[in-house]
Amino acid sequence: QLQASGGGLVQAGGSLRLSCAASGRTFSEYHMAWFRQAPGKEREFVVLISRSGGITVYADSVKGRFTISRDNAKNTGYLQMNSLQPEDTAVYYCAAGSRVTRDPDQYDYWGQGTQVTVSS
């Protein structure tokens, strides 16, 4: 299971740190990604990190503002979000899978989502 947390309400320009805690599996065996879904829109790729953390891929919309990391010893992944903008408002989901891919259909395990709301 994956448990996402850390969402909330923040003003534009602010920061949030999301966490994704894994249980029941060996977290280090899986690549991890964050996706987001805004109301009325499709789920959107945000960022991914490989098992070891050696590979990261960011969506252009968040590059330079968001940073993904992971602590395999703690079975937890993180998403540091800085310079948040209203267009970042969405439900954020963490996912884990065996492929390094932007395609959400390739991920096997999903967290329940955490709401991020950025006010202008």
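The points below concern the strands of this predicted model and how they pair.

1. One open sheet is built from 4 strands, which follow one another in the order E1-E3-E8-E7 with antiparallel pairing. Its edges are formed by strand E1 (2–5) and strand E7 (66–71), each of which pairs on one side only. On average, and with direction ignored, neighbouring strands of this sheet are turned by 15 degrees against each other.

2. Within that sheet, E1 is joined to strand E3 (residues 16–22) over 4 bridges in the antiparallel sense, and serine 5 lies opposite serine 19 of E3. As general background, strands of a sheet pair through backbone hydrogen bonds, whether parallel or antiparallel.

3. Strand E5 (residues 44–49) deserves separate attention, since 5 of its 6 residues are buried, leaving the strand mostly covered. Strand E4 (residues 31–37) runs antiparallel to E5 and is connected to E5 by 5 bridges, with glutamate 44 in E5 as the bridge partner of arginine 36. The hairpin of E4 and E5 has 6 residues between the strands, and in this hairpin glycine 40 adopts a positive phi near 80 degrees.

4. E5 also pairs with strand E6 (residues 56–58), again in the antiparallel sense, over 3 bridges, and here leucine 48 is found opposite valine 57 in E6. These two strands, E5 and E6, make a hairpin with 6 residues between them, in whose turn glycine 53 has a positive phi of about 90 degrees.

Definitions and conventions: Residues numbered from 1 in each chain as written. Predicted model: local features only at pLDDT ≥ 70, side-chain atom pairs only at ≥ 80, totals over all residues. Heavy atoms only, no water. Pairing = 2+ DSSP bridges. Axes fitted to C-alpha atoms, helices over the stretch in contact; angles between N-to-C directions. Buried < 20%, exposed > 50% of the residue type's maximum accessible area, 1.4 Å probe, protein only.
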